[in-house]
Amino acid sequence: MIARYVPGAYGGQMLKHEDGTYVRQEDYTELQRQLTAYEATVTNLTAQVQGLAAENADLKHPGTYLPSKRETPITDAVLAEILAQGVDLAIEHLTKKFEGTGGVGVPVMALEHLASELRKEQGK
């Protein structure tokens, strides 16, 4: 958690305050790192949305019923990631549900393999 500070009275020590406008240098560096990561994520998602829009707009043109016009690699990649995330949720659910029983290892390993395979397919 990032601590925020306000200047103390008469130029004294910095005081912790939830609405403070100052942070420690290490926290500032962490905030900058997080911002950079978020910006990269937004850029990636924007590109995916634009690709999806282009693919699906192309499908609305006459003649798109032909098999050669039905390839949608970006849509396929997004759907594969959605499926993999669903598998990740199933893994979390199984792990929580059977925590401490010791009987969930093999099914979880199988689901982890499935999620990995879905993500590999998306990368093609």
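Two residues are in contact when heavy atoms of theirs lie within 4.5 Å. Keep that cut-off in mind for what follows. The structure above is a predicted model.

Start with the overall plan. The protein chain holds three helices and two strands. Read from the N terminus, the order of elements is β-β-α-α-α. The strands therefore come before the helices along the chain. The chain has 124 residues, and 17% of them are buried. It exposes about 9,800 Å². Carbon and sulfur atoms supply 60% of that area. Now take the contacts between residues at least 6 apart in sequence. Of these, 28% join residues at least 24 apart.

Next, look at the first two helices. Helix 1 covers residues 25-59. Helix 2 covers residues 73-97. Their axes come within 8 Å and cross at roughly 130°. Helix 1 is therefore oblique to helix 2. An angle has to be over 145 degrees to count as roughly antiparallel, and 65 to 115 counts as roughly perpendicular, so this crossing fits neither class. The crossing is left-handed. Which residues make the contact? Helix 1 gives Gln48, Gly51, Leu52, Glu55 and Asn56. Helix 2 gives Pro73, Ile74, Thr75 and Val78.

Pick out Thr75 from that list. Thr75 sits in helix 2. Set aside its neighbours within four places in sequence. Thr75 then is in contact with Leu52, Glu55 and Asn56. These three residues are also among those that helix 1 brings to the crossing. Is Thr75 buried or exposed? Its relative accessibility is 16%, so Thr75 counts as buried. The cut-off for buried is under 20%.

Now step back to Thr72. This residue lies in the loop between helix 1 and helix 2. Thr72 has a relative accessible area of 11%, so it is buried. Beyond residues up to four places away in sequence, Thr72 touches Glu55 and Leu59. Glu55 is thus a shared partner, because Thr75 is in contact with Glu55 as well. Thr72 can also be compared with Ala54. The two are 18 residues apart in sequence. In space, their C-alpha atoms are 9.7 Å apart.

Helix 1 has another buried residue to visit. Asp27 has its place in this helix. At 11% relative accessibility, Asp27 counts as buried. What does Asp27 touch, leaving out residues up to four places away in sequence? The partners are Ile2 and Ala3.

Finally, turn to the largest nonpolar core. Eight residues make it up: Ala84, Val87, Ile91, Val104, Val108, Leu111, Ala115 and Leu118. Two elements give two or more residues each, helix 2 and helix 3 (105-123). Helix 3 supplies the largest share, four residues.

Ala84 is a good place to see this core at work on the screen. Which residues does Ala84 touch, not counting those up to four places away in sequence? They are Ala115, Leu118 and Arg119. Ala115 and Leu118 belong to the core too. Compare Leu114, a residue of helix 3. Leu114 and Ala84 are 30 residues apart in sequence. Their C-alpha atoms are 7.6 Å apart in space. Leu114 has 40% relative accessibility, so it counts as partly exposed. A core residue must be buried, so Leu114 is not part of the core.

Definitions and conventions: Residues are numbered from 1 along each chain as its sequence is written. This is a predicted model: local features need pLDDT of at least 70, side-chain atom pairs count only at pLDDT 80 or more; totals for chains, interfaces and linings use all residues. Side-chain values use heavy atoms; hydrogens and water are left out. A nonpolar core is a set of buried Ala, Val, Leu, Ile, Met, Phe, Trp, Tyr and Cys residues joined through side-chain atoms within 4.5 Å. Buried means under 20% relative accessible area, exposed over 50%, partly exposed in between (1.4 Å probe, protein chains only). Accessible areas come from the Shrake-Rupley method with a 1.4 Å probe; for residues, only the protein chains shown count as cover. Axes are lines fitted to C-alpha atoms, for helices over the stretch in contact, and angles run from 0 to 180 degrees between N-to-C directions. Angles under 35 degrees count as roughly parallel, over 145 as roughly antiparallel, 65 to 115 as roughly perpendicular and the rest as oblique. A crossing is left-handed if the near helix is turned anticlockwise from the far one by less than a right angle, and right-handed if clockwise.
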